[in-house]
Amino acid sequence: MKVHQELIQLRTRGHGSMHDLTPAVAEVVQRSGIRQGTVTVFVIGSTAAVGTIEFEPGLQEDLPRALDRLFPPGQDYAHHQTWHDDNGHSHLQATLLGPSLVVPVEEGRLVLGTWQQVFLVECDTRPRSRRVHLTVQGEP
Amino acid sequence: MKVHQELIQLRTRGHGSMHDLTPAVAEVVQRSGIRQGTVTVFVIGSTAAVGTIEFEPGLQEDLPRALDRLFPPGQDYAHHQTWHDDNGHSHLQATLLGPSLVVPVEEGRLVLGTWQQVFLVECDTRPRSRRVHLTVQGEP
Amino acid sequence: MKVHQELIQLRTRGHGSMHDLTPAVAEVVQRSGIRQGTVTVFVIGSTAAVGTIEFEPGLQEDLPRALDRLFPPGQDYAHHQTWHDDNGHSHLQATLLGPSLVVPVEEGRLVLGTWQQVFLVECDTRPRSRRVHLTVQGEP
């Protein structure tokens with residue numbers, strides 16, 4: 001067994017912007033030479049999250065809107081008192097959805113459904129540069 | 001270290017049906033011959049999710065009901081406009097709960113609490129055939 | 001590649017108490033001698049959860065408060081009828097946030113943002129002794 005690690009970098013478009021990471025993750029898996037195992041997708045930072053979704057335009061609206069309904073922007077979060085900040089909801093949204101996702105790799109390919117893609121969602125209130133760390137572990 | 005991969009297949013009973021995967025996952029771990037490591041449980045598809053819960057009849061009602069309260073069926077989701085579909089809530093529920101779970105394996109057994117089981121919840125609006133992919137990684 | 005496993009034990013302060021696990025996890029990673037790979041953080045039991053967050057006093061109030069808003073204590077959960085228990089909300093909060101988290105390890109260090117820590121949140125209604133299981137996997 002072996003380990004292969006790489007960073008994906010991307011620029012988000014601000015609060016609620018969604019990004020399909022599937023092609024970049026698949027490319028790193030291919031480059032790793034690992035054919036059986038897993039890839040751990042981990043977003044560095046506390047105001048973005050990763051997961052899987054059917055990556056179509058409708059759900060790219062629905063998910064951020066639902067997150068804003070569960071954790072509304074502009075509320076009186078205690079976080080704002082600590083830093084005189086405005087992104088308490090961003091932190092809660094990101095924590096709930098989570099920073100890490102593990103996807104199986106079989107015969108060198110990601111094991112995903114046809115309508116299941118790996119995404120990143122920006123929960124912060126402005127466009128950000130994001131680093132997503134990938135660890136492929138398994139057998140060549 | 002080595003890798004062992006298998007698929008579990010099951011038939012769900014429709015929206016909100018919950019399934020205890022623990023015995024099947026434990027069996028695959030045993031068959032793998034791996035005694036120290038992890039098992040990655042990953043549901044293929046974008047309208048079901050996995051996690052851990054005390055698998056008793058009350059919570060099997062409470063969890064789907066709570067998910068329907070957070071992401072109500074029948075709302076005006078943008079997803080419905082893309083596909084003339086009716087399961088926008090199914091996608092959001094599945095994405096929030098997540099498709100992947102990693103459980104430690106020690107001395108050949110799943111490391112779980114006494115009242116902690118591995119489950120799958122069907123979030124789609126009809127019974128589905130589900131494939132759950134397992135990757136056991138570790139030392140014999 | 002190799003595997004290293006350890007338990008962290010801690011005492012929580014009751015419902016909504018949050019605990020920064022980062023120093024303890026980093027110490028186990030260092031002791032493992034593994035420099036490239038992942039650490040799987042898994043809380044044993046069905047009424048606590050782990051994740052990442054900016055571990056500052058404001059968010060330590062905001063997260064438990066938000067979880068109580070999503071899954072309110074004292075409601076008529078079916079779980080209460082099974083066990084004559086009062087912690088249905090604890091189970092749902094813990095299941096949604098999740099028991100497992102995988103963090104990358106590079107050059108012997110956790111790959112985390114500057115304001116991103118590994119935490120445990122107690123969702124149960126009373127102080128508990130908690131065991132968090134760590135599995136470090138990778139190359140020395």
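**Entry 1: chain B on chain A**

I began by laying chain B on chain A in this predicted model. A turn of 120 degrees, with 0.0 Å of shift along the axis, superposes the two at an RMSD of 0.0 Å. I then looked for the part of chain B nearest that axis, and found the C-alpha of B:Met1, 3.6 Å away. Next I asked which surfaces the copies use. Only 18% of the interface residues of chain B are also interface residues in chain A, so these copies meet through different surfaces.

**Entry 2: chain B on chain C**

I repeated the superposition with chain C. Chain B can be laid on it by a turn of 120 degrees and a shift of 0.0 Å along the axis, with an RMSD of 0.0 Å. These two copies are therefore related as by a three-fold rotation axis. I noted that here, too, the surfaces used are different: 16% of the contact residues of chain B recur in chain C.

**Entry 3: the side of chain B that touches chain A**

I looked up how many residues meet here: 28 residues of chain B are in contact with 32 residues of chain A. On the side of chain B, several elements supply at least two residues each, among them strand 1 (2-11), helix 3 (78-83) and strand 8 (129-139). Which element of chain B gives the largest share? I found that helix 4 of chain B does, with five residues. Sorting this side by class, I got twelve nonpolar, 15 polar and one charged residues.

**Entry 4: the side of chain B that touches chain C**

Turning to the other neighbour, I found that the contact takes 32 residues from chain B and 28 residues from chain C. Strand 3, strand 4, helix 2, strand 5 and strand 8 of chain B each supply at least two residues of this side. The largest share, eight residues, comes from helix 2 of chain B. By class, I noted 15 nonpolar, eleven polar and six charged residues on this side of chain B.

**Entry 5: a look at helix 2**

Helix 2 of chain B caught my eye, so I checked its length: at 1.5 Å a residue, its 14 residues (57-70) should span 20 Å, and the end C-alpha atoms are 21 Å apart, which agrees. Which residues of helix 2 are buried? My list for chain B reads B:Leu59, B:Gln60, B:Asp62, B:Leu63, B:Ala66 and B:Leu67. I kept a reminder beside that list: an α-helix has 3.6 residues a turn, so residues three or four places apart point the same way. I then traced what the buried residues of helix 2 pack against. Within chain B, I found strand 2 (18-20), strand 4 (48-53), helix 4 and strand 7 (117-122). From chain C, helix 3 (78-83) and helix 4 (88-97) join them.

**Entry 6: the sheet and helix 1**

Last, I followed the strands of chain B. Five of them form an open sheet in the order 1-8-3-5-6, with antiparallel pairing. Strand 1 and strand 6 (109-110) of chain B are the edge strands, each pairing on one side only. I looked at one pair in detail: ten bridges join strand 1 to strand 8 of chain B, and the two run antiparallel. B:Val3, for instance, has B:Gln137 in strand 8 as its bridge partner. I also saw helix 1 (residues 22-32) of chain B lying across strand 1, strand 3, strand 5, strand 6 and strand 8 of chain B, at about 40 degrees to strand 8.

Technical notes:
Residues are numbered from 1 along each chain as its sequence is written. Chains are lettered from A and ligands numbered from 1 in the order in which they are written. This is a predicted model: local features need pLDDT of at least 70, side-chain atom pairs count only at pLDDT 80 or more; totals for chains, interfaces and linings use all residues. Copies are superposed by least squares on the C-alpha atoms of residues with pLDDT of at least 70 in both. Two residues are in contact if their C-beta atoms, placed from the backbone, lie within 7 Å. Helices (H or I, at least four residues) and strands (E, at least two) are DSSP runs, numbered from the N terminus. Ala, Val, Leu, Ile, Met, Phe, Trp, Tyr, Cys and Pro count as nonpolar, Asp, Glu, Lys and Arg as charged, and the others, Gly among them, as polar. The expected span of a helix is 1.5 Å times one less than its number of residues. A residue is buried if 20 or more other C-beta atoms lie within 10 Å of its own, exposed if 12 or fewer, and partly exposed in between; C-beta atoms are placed from the backbone. Two strands pair if DSSP finds at least two bridges between them. Axes are lines fitted to C-alpha atoms, for helices over the stretch in contact, and angles run from 0 to 180 degrees between N-to-C directions.
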